[in-house]
Amino acid sequence: MYRFLLTPRWWGINVFVLLAIPFCVFMGSWQLSRFEARVQDQRDAGEQAAAARTDPARPLRELLPVDKNTSGKQAVATGRYGKQLLVPGRELGDRRGYYVLTLLRTDGGRALPVVRGWLPGTADPAKAPAAPAGEVTVTGALQVSESPGSDGVSAAGGLPDGQTGAISSASLVNLVPYKVYDAWITLAKADSGMTAVPATTAQGTGLDLKAFQNLGYTGEWFVFAGFVVFMWFRLLRREAEFARDAELGLIPSEETDQDEETDRDQERNGNPDGSPDGDPVRDTAGAPAP
């Protein structure tokens, strides 16, 4: 009954199934590993943030370029404050306000963006405290440059003079007359009258939408593998039932089908006895047959 498995058609089906199932399992396992890696990154980022609060501050040059390993570390830099900007549309807790961002010009000639604190309400230069004069040494958590449109960072343009939507060298290079570090720090203790801005983890180290997409793709690939097995068994069962019915004579042959079709045509033409044009059969003398 299962001799049909040796036909070329079923050889093709079997080869496809044998290749599709391992492929689906491999892709599902790979997506699961991506999700587990993101979970581990979030765990490491949390441990790193906790350790950064107690680790001694290190010179800025030792932590550059900033990446997942150095993001959140306490950095110390010395210089003089220069141009001050406001970063509107930033939330702290459940309140909306703005950052006070001041460029710290270091001995190397570059400027380090320093978030000195947060104020509630609409961005107003008159409410932002002026930066300390003279040479200062600042200590704060090192942060990766922001990307417009991510993590609450505004991508809208046309901001008033003295404001910026994102804290990044690409956004600041056209607003200040000197080079800017591709990083920034947020002070652990905000200047008077402002609230300190907590450090954030680097992008790609948390359970974001991409992480749950990996988890969803994992389930889809395993479902695909189960669907391939289900369809193979269903086709096998249907083929086996057809072969069994053929052996038992339950499937009419081709000649029987043709005879039945001929009888139906004759009945439709009003010729049940098979003579042409419906005329009764006559004997050799020309008289109607009895």
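Reading from the N terminus, the elements of this protein go α-β-α-β-β-β-β-α-β-α-α. That adds up to five helices and six strands, and keep in mind that the model is predicted. Below is a quick tour: the overall numbers, then the sheet, then the contacts that side chains make with each other.

**The big picture**

- The protein has 290 residues, and buried ones make up 33% of them.
- Looking at contacts with a separation of 6 or more, 66% are between residues 24 or more positions apart.
- The accessible surface comes to about 18,100 Å², and carbon and sulfur atoms account for 56% of that.

**Strand β6 and its neighbours**

- Strand β6 covers residues 184-187, and both of its faces are covered.
- On one side sit Trp184 and Thr186, on the other Ile185 and Leu187, and all of these are buried.
- That two-sided pattern goes with a general habit: in a regular strand, side chains alternate between the two faces of the sheet.
- Strand β4 (residues 111-120) runs parallel to β6, with two bridges joining them.
- One contact to look at here is Val115, whose bridge partner in β6 is Thr186.
- Strand β5 (residues 135-143) runs antiparallel to β6, and this pairing has four bridges.
- From the β5–β6 pairing, you can pick out Gly140, with Leu187 as its bridge partner in β6, and Leu142, which has Ile185 as its partner there.
- Strand β5 also pairs with β2 (residues 74-92): seven bridges join the two, again in an antiparallel arrangement.
- If you want a spot to find on the β2–β5 pairing, Arg80 stands opposite Glu135 in β5.

**Salt bridges**

- Searching the whole structure turns up six salt bridges; three of them are picked out here.
- Glu239 pairs with Arg9, and their closest N and O atoms are 3.6 Å apart.
- This pair links distant parts of the chain: Arg9 belongs to helix α1 (residues 8-52) and Glu239 to helix α4 (residues 209-247), 230 residues apart.
- Glu239 counts as partly exposed because its relative accessibility is 24%.
- Arg237 makes a salt bridge with Glu241, with 3.3 Å between the closest N and O atoms.
- Both Arg237 and Glu241 lie in helix α4, four residues apart, which is about one turn of the helix.
- Buried or exposed, where do these two fall? Arg237 has 59% relative accessibility, so it counts as exposed, while Glu241 comes in at 31% and therefore counts as partly exposed.
- Glu91 and Arg96 also meet through their side chains in a salt bridge, at 3.6 Å from N to O.
- Both ends of that bridge are exposed, because Glu91 has 53% relative accessibility and Arg96 has a relative accessible area of 52%.

**Aromatic pairs**

- The count of aromatic pairs comes to four.
- Phe23 and Trp221 make an edge-to-face pair, with 5.5 Å from centre to centre and 85° between the planes.
- Here too, distant parts of the chain are linked: Phe23 is in helix α1 and Trp221 in helix α4, 198 residues apart.
- Phe23 counts as partly exposed because its relative accessibility is 44%.
- Phe35 and Phe212 form a tilted pair, at 6.4 Å centre to centre and with 55° between the planes.
- Phe35 is in helix α1 and Phe212 in helix α4, so this pair ties together parts that are 177 residues apart in sequence.
- The two rings sit in unlike surroundings: Phe35 is buried because its relative accessible area is 16%, whereas Phe212, at 46%, is partly exposed.
- Ring pairs also join Phe23, Trp221 and Phe224 into a cluster.

**A charge over a ring**

- What sits over the ring of Tyr81? The charged end of Arg116 does, 5.8 Å from the ring centre.

**Back to helices α1 and α4**

- Contacts described above keep returning to this pair of helices: they are linked by Glu239 with Arg9, by Phe23 with Trp221 and by Phe35 with Phe212.

Note on methods. Residues are numbered from 1 along each chain as its sequence is written. This is a predicted model: local features need pLDDT of at least 70, side-chain atom pairs count only at pLDDT 80 or more; totals for chains, interfaces and linings use all residues. Side-chain values use heavy atoms; hydrogens and water are left out. A salt bridge is a side-chain nitrogen of Lys or Arg within 4 Å of a carboxyl oxygen of Asp or Glu. Buried means under 20% relative accessible area, exposed over 50%, partly exposed in between (1.4 Å probe, protein chains only). Two strands pair if DSSP finds at least two bridges between them. Rings of Phe, Tyr and Trp (its six-membered ring) pair if their centres lie within 6.5 Å; planes under 30 degrees apart count as stacked, over 60 as edge-to-face and the rest as tilted. A charge sits over a ring if NZ of Lys or CZ of Arg is within 6 Å of the ring centre and within 35 degrees of the ring normal. Contact means heavy atoms within 4.5 Å. Accessible areas come from the Shrake-Rupley method with a 1.4 Å probe; for residues, only the protein chains shown count as cover.
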